[in-house]
Amino acid sequence: MKQSKKLLSLALALTMGLSLATPAMAADETKTETGKIVILHTNDVHCGIDQAVKENEETGEKTVTNIGYAGVAAYKAEMEAQYGEGNVTLVDAGDAIQGGPIGTLTKGAAIVEIMNEVGYDLAIPGNHEFDYGMDNFLSLAKDTAKYPYICANFTDLKGNAVFDAYKVVTYGEVKVAYVGIDTPETFAKSTPTFFQDGEGNYIYGFQQGNEGKDLYECVQKAVDAAKKDGADYVVAMGHLGDNGSTEEWKAQSVIANTTGIDVFIDGHSHEEIEKTAANKDGKDVVWAQTGTKLANIGKIVIDTETKEITHELVSGYDKQDEAVAAFVKEKNDAFEAELKKVVATSEVELTVNGADGKRAIRNGETNLGDLCADAYLTMLEADVAIVNGGGIRANIAAGEVTYEDIINVHPFGNEGCLVETKGQNILDALEMASRLYPEECGGFLQVAGLTYTINASIPSSVVLSDEGEFVKVDGDYRVTDVMVAGEPLDLEKTYTVASHNYMLKDGGDGLVMFKTSNLLKDSVMIDNAILINYIVEALEGKVTEAQYGASQGRILFVPADVAVDAWYYNVVKETLATGLMQGTDKGFEALTDVTVASVLQTLYNAQGKPDATDAEVWYTDAVNWATKNELVKEFTEDAAATRGEVKDILDAYCAMLNVTPESPLMKGNENGDLMLDKTLTRSEFAQILVNLSQLPMPLAD
């Protein structure tokens, strides 16, 4: 819930008036005057250390899209000036040290040093804090960081917390307890072997058992202990997330199964959240998350007099702390020459996003996903290659490609491996990775050497261990039609699979089915070097539009509203696979009437969209083309098409192309009646398109 600007202005005016009327005083005395505690929070910075500015091409107006650490420091100083230094606390909810070149090249040390300079007061580990190894992170947390890390549920096997479960901060006469929580997904979403001994036994845990109950109990215990220590308010700092996170470990699930938490600062899912959620007693808890890469700074204000808690996301903040900016520049300059080295060029943008500009790498196929998978397939000489979408982190713009660009794509420093494994393990891996579709999943697989279909109408029956690892499939597979090199996957046949140590050796993203496979090549090359070498050697230093101008259709997604036992299932699959028709934002809508504009647009697309313009209405070009070629006499408005209208359009279309169908494109009922006055469903039109595609004429570009 956003704080009212009017109320905020009034509070500031009162504060300024009191400041003028009183002499300088200690921080806790300033608190007495304002009566407010300010908590600034960040999450999932992922090495987004610099300010980023976007300029409007038309107006020239500049907007800060990423505030940067110097901006965080400046904003903290501003809040301290307004509310009193002792009343402002800056915290981070995890995943700060990984995600960019500077994190990779220093194993997170440079980021922790910058956070020291900014003046962070508290932090919790996210799953990616462990990506450079357990010893590395514990050293950073205990020796390098000048701020404490807290986490109630990161424990040894005896249940002893590795860090303090909570920390109580005193603001004058008011005490606020900060309780740390990290997602049990960390097992699968960092490197599982980092939490194990040399024999593969887990020696660390995240209270992951009992379908979430162990986590809730652990958090409740920490909250109760903090209350017993005199805490007036409890602020949970969680790295749990919402969209794409395991249901029982989501922030909202923890809130709903505990009491005593007043504020839940969240991270992990890279969302901008300004909500409340009900706890076990039905009390609303402020729930906040800032997105990622310092797109926002979270600001929570606790009014100790009215007991009101407000929250806002501060975006577009453009001020910079000069000392921190200089410190960040010093860190960046140390790696500038190496990072800016040009290694290749690309004719197209290589992206993690879909056509709508939103991230798609974790629940869809993208051209960058195809490129990365091809790199593993080619450089490790495998039958099949798999790459987790969560391991592909950034776009590569068209033009020159630098070392920095490549590291941004693969910042984890994983190493390429090759195993021999049965086809059954490949099928299980695809099923495991697709279990959350259409929701995002960091373990969603980009592939090379194979194609497959995901049937969203089939509920996932994947069984997981308490650590989030694959156990078995206890029902129908939603992944079907797996083809390797054009041949159906043989579950008993042995194939070579290329990926990296995280996926094949360490059981990353829960893919433990490969851990016992025969290891043919062990950690032969770092992941970004595999990608660089593929582009430089196999592609001769140039990524072309012909190769990677779009994703290559390796994964077919059948919407949830198309059941596998429906008469039109295979028809829909074919039209989706060949591009004859696409789904809508509601699914495929197979039983919805097709409209005249949709019919014309489909045929227009088949002819390569001649004389296309930038018309505002999506079907304008198609209607103009159809009218010009006499497929329709007149078009006044888009409406459901009758079977007679579609027949006339198809007859005119075939005449335009001088093609005569050997058999009718449209079938009648059992009596041969074409029912020309009836409407036509999308599934029936899909069948007509399949019939039309059998004719010797171009139907798909």
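Helices here are DSSP runs of H or I with at least four residues, strands are DSSP runs of E with at least two, and both are numbered from the N terminus. On that footing, the place of Glu381 is in the loop between α12 (367-379) and β17 (384-388). The model is a predicted one, so local features need pLDDT of at least 70 and side-chain atom pairs count only at pLDDT 80 or more, while totals for chains, interfaces and linings use all residues. Residues are numbered from 1 along each chain as its sequence is written, and side-chain values use heavy atoms, with hydrogens and water left out.

As for the chain as a whole, 22 helices and 29 strands turn up in it. The C-alpha trace spans about 95 × 60 × 55 Å along its principal axes. The radius of gyration, taken over C-alpha atoms, is checked against a globule rule of 2.2 Å times the number of residues to the power 0.38. For 701 residues that rule puts a compact globule near 27 Å, and the chain's 29 Å agrees. Some 55% of the 701 residues count as buried, where buried means under 20% relative accessible area, exposed over 50% and partly exposed in between, using a 1.4 Å probe and protein chains only. Contacts (heavy atoms within 4.5 Å) also say something about the fold: among those with a separation of 6 or more, 73% come from residues 24 or more positions apart.

Now for the loops. Back at Glu381, phi is near 55°, a positive value in a residue other than glycine, and this residue is exposed, at 63% relative accessible area. His46 has a positive phi too, near 45°, and sits in the loop between β1 (36-42) and β2 (52-55). His46 counts as buried because its relative accessibility is 2%. In the loop between α14 (423-433) and β20 (445-448) lies Pro438, and the peptide bond leading to it from Tyr437 is cis, with omega near 15°. Asn160 belongs to the loop between β6 (155-156) and β7 (166-171) and is partly exposed, with a relative accessible area of 41%. Leaving aside residues up to four places away in sequence, Asn160 touches Phe154 and Thr155. Its C-alpha atom is 9.6 Å from that of Tyr204, 44 residues apart along the chain.

Strands pair if DSSP finds at least two bridges between them. Strands β22 (residues 462-464) and β23 (residues 470-473) run antiparallel and are joined by 3 bridges, with Val462 opposite Val473. The two form a hairpin with 5 residues between them, and Gly468 in the turn has a positive phi of about 80°.

Gly468 also shows up in the lining of the largest cavity, along with Leu464, Trp249 and Arg435, among others. A cavity is a set of points on a 1 Å grid over the protein atoms alone where a 1.4 Å probe fits but cannot get out, and lining residues have an atom within 4 Å of a point. Grid points are joined across faces, edges and corners, and a volume is the space filled by probe spheres set on the points. There are 2 cavities of 30 Å³ or more, and the largest holds about 100 Å³. The second largest holds about 30 Å³, and its lining includes Tyr376, His410 and Asp527.

Conventions. 1 Å grid on protein atoms, 1.4 Å probe; cavity = no way out; pocket = protein on both sides within 12 Å on 5 of 7 lines; lining within 4 Å.
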